[in-house]
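Visitor: Hello! I am new to protein structures and would like to learn how to read one. Could you walk me through a few features?

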Amino acid sequence: MQQKAEPKRVRSLSFGIERLGLIALRYPLIAAAIIVAITIAACFGYTRLKVDDSLSELFRTDTSEFRDYEIISERFPSSEYDVLIVVSGNQLLERKSIDALRELIIELQFVDGMAGEVSLFSAREAPEPGTIPGPVFPAELPKGDAYKALIDKVRNNEIIKGKLLSDDGTLTLILLALDRKVVEEKGLGSVVEQIHDTAEHELADTGLRMQLSGAPVMQLEIRNAVERDRFKYNVLGFLFGAIIAYAFFRRLSLMVIAALPPVIAIVWSIGLFGWLGFKLNLFLNVMIPLIMVLGFSDSMQLTVAMRNRLVEGDRRIKSARYAVLVVGPACVIATATAAASFIALLFSDSALIRDFGLAGALSAAIAFVAGITLVPLLTRALIPRNAKAYTANLKSHDRAMNALKSFCGRIAQFGVRYPQGVVTVGLLLVIAFGAIYVTLPPRYRLADQVPDREQAVAASAQLDEKLTGANPLHVMIDWPQGKSLYDPDVLKVIGDVHSLVETQSGVGNVWSVETLRRWLAKTQEDTPEKLKEYVSILPDYLTKRFIDEADNSVVVTGRIPDVDVSDLLPIVEKLDGKLNGVRDANPGYRIVVTGLSAIAARNSATMIGKLNAGLTTEIVFICIFLGLAFRSVMVAVVTVLPTLFPVFTAGAVLAASGEGLQFASIVALIVAFGLSLNAAVHYLNRLRLEDRPGEDPAIGVERATVLIGPALVLTSLILAFGLGVTVLSDLPSLRLFGKLSAMTLIAALIGDLVLLPASVLLWRRFMRRLRPAPANRARA
């Protein structure tokens, strides 16, 4: 096999876009000045970048469900913005602990941004006619049997039991309402830290365990995790890429040529995000390792091609031109396929995922521009004019590259020897794994968005276990114009809705105006006038949790556990169905089930299903696109098996682990699929260059595999590690993203080195049998 034969000249696949690299090579000073100017501008853009810690952004859609959620968040600001203090311990109801808890409630009033508190000490005695009842806990706690009697009364109090105190008396919940404006002014981190430090100080000598949860705490933990991950991904991704580059090139100059373009691509992309007003979130944070691998995939291919020509004796300029003109077109097509995988995300209903898709498409283009301009520019700057001694040194340190070529040669020999067996096994695996993939159910839990190694998730798990749940579920009631809250028919509707919510299985800890009305009913004073009097007595922060008279609206709020959407959706749908009776009987009222849990339950399965359908469409589109780009029916056909193999393999692993299709997993499959095509494109590009008329197809297939194989292995390893580094994240969704992306990319490498060459060989042999006469033989 003549491996040193010059590839034939063929038409460019990319309309000459790759010639951008030749401009940088011809006018190096101008190109360097432009690159420096763009980099400086990008650094200013970087300073504008902010973190988005919203829990609801994933479900931001142009639907009535999300608009209802926005309405309730505006009318009842604390409904989704409570800090929950979970205090637990066997000694919780001892006298010393109760004294400490009461001191804690007092001290928390001095925390910045505190709007109000609901705790054990908010509960009142049973009402008596003509008097305002006092607190359940007296100013001076009794001792002995009197204290035991007090605790028995507390544990059976309707306001406290099952709502603020667990049935076994070992856990209590303190709700803190925050003033959003003050929190924005002082900083969420500062406010949460004050709450934590105050609680820790007051409970220090009690032996009780204290943890914080609630939306503000979760948002802070997400923000901190995103900021930590940003540094972690930058460092680890770059180090691994640089180490791989140096290990195989064994020259600092070649390592810089391969590793610097991805770094510049990150700076340019992140700077552009800042100028465009993007915010870093749990998905957009993946862009940092993603840009790194996009940049490395192009720069590594270009550097390997340039290095090979140096070893063959070409000068630096000629070597750089060769890399741009021969490898550049494949880089253009690989960038187009990667961008297409991101563009598919633009059709998602989620604004968060659409932003991720737009950012990814822009990053793919930026990574290409950085690679195609910087590699030839750095080659001119770092490789000496007379490269004889330089290339001699390269040959003496070529052991790693030669070993990789030998490995790829053995794979190529196996593939061309048993192409039918390879394709048959691959086809059977794709069918088997595909059958598993289509059965994957959608999965979603709020906890998947939040760091699971910190206090918020642990505290929520305790509430799920002992107080029916930490996540609020709301029923918003709007009564007709001309009526007031205290009209008997308005109060009846509220009471009917409250009863349905509290009897719904899976929902507990239900609060509303009806709670106060029932409390007053014990003394037959549940008249509208008496209710109005008590509402006026209660502090504003408490009434505003449930009443918005200006908008003729009230809310009934329950708590539900953080369970998978497959378990949560039936609860929401059953409750909504029961409420139809109230709606039918009161046509002038608007009654909606809402809250973050409700929109997550309703929308997540649909959105994941649409993303999955988008992946299917993308696979078909990409195969057709590659066929058109290479102007070959063969390419459109033979790429089907190697592109399906990694996607279905990852799906089978998801099924085996019981994880199902989550937002992170389907986005990982879409992105990794687009990136995995990088290797296929470069292999097909090399194959068309190595094609020789009249030659046995097996020889060309084997030669192309040996020549391009080392670069494919290196880039796939860098791609897999660059995305796989997210397994170190504190966010479970990003860990899943990293694991699945790395797995998909390694499976794609197997498909590209084993299944793709075998498929090409079978196609060509089949076409030869159809056209046996040499005069009629045409290249597929």
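Visitor: Let's start with one residue. In which helix does Asp68 lie?

Guide: Welcome! Keep in mind that this is a predicted model. Asp68 is part of helix α3, which covers residues 64-75.

Visitor: Is Asp68 buried or exposed?

Guide: Here a cut-off helps: buried means under 20% relative accessible area. Asp68 has 10% relative accessibility, so this residue counts as buried.

Visitor: Which residues does Asp68 touch, leaving out those up to four places away in sequence?

Guide: Asp68 touches Met476, Arg590, Val592 and Thr594. With Arg590 there is also a polar contact of 2.3 Å between the two side chains.

Visitor: Now to empty space. How many cavities of 30 Å³ or more are there?

Guide: First the general idea: rolling a probe the size of a water molecule over the atoms shows where empty space is left. In this model the count is 6 cavities of 30 Å³ or more. The largest cavity holds about 190 Å³ of space.

Visitor: What lines the largest cavity?

Guide: Its lining has 16 residues, and Leu175, Trp511, Arg545, Phe546 and Arg559 lie nearest the centre. Strands β4 (171-178), β7 (471-478), β8 (508-511) and β10 (553-560) each give two or more residues to this lining. Sorted by class, the lining has 8 nonpolar, 4 polar and 4 charged residues.

Visitor: And how many disulfides does the structure hold?

Guide: The structure holds 0 disulfides. Take Cys408: the nearest cysteine sulfur belongs to Cys331 and is 18 Å away. Cys408 counts as buried because its relative accessibility is 0%. Cys623, with a relative accessible area of 6%, is buried too.

Note on methods. Residues are numbered from 1 along each chain as its sequence is written. This is a predicted model: local features need pLDDT of at least 70, side-chain atom pairs count only at pLDDT 80 or more; totals for chains, interfaces and linings use all residues. Side-chain values use heavy atoms; hydrogens and water are left out. On a 1 Å grid over the protein atoms alone, a cavity is a set of points where a 1.4 Å probe fits but cannot get out, and a pocket is an open set with protein on both sides within 12 Å along at least five of seven lines; lining residues have an atom within 4 Å of a point. Grid points are joined across faces, edges and corners, and a volume is the space filled by probe spheres set on the points. Helices (H or I, at least four residues) and strands (E, at least two) are DSSP runs, numbered from the N terminus. Ala, Val, Leu, Ile, Met, Phe, Trp, Tyr, Cys and Pro count as nonpolar, Asp, Glu, Lys and Arg as charged, and the others, Gly among them, as polar. Buried means under 20% relative accessible area, exposed over 50%, partly exposed in between (1.4 Å probe, protein chains only). A polar contact is a pair of N or O atoms within 3.5 Å; within protein, one must be able to donate a hydrogen and the other to accept it, and residues adjacent in sequence count only if both atoms are side-chain atoms. Contact means heavy atoms within 4.5 Å. A disulfide is a pair of cysteine sulfur atoms within 2.5 Å.
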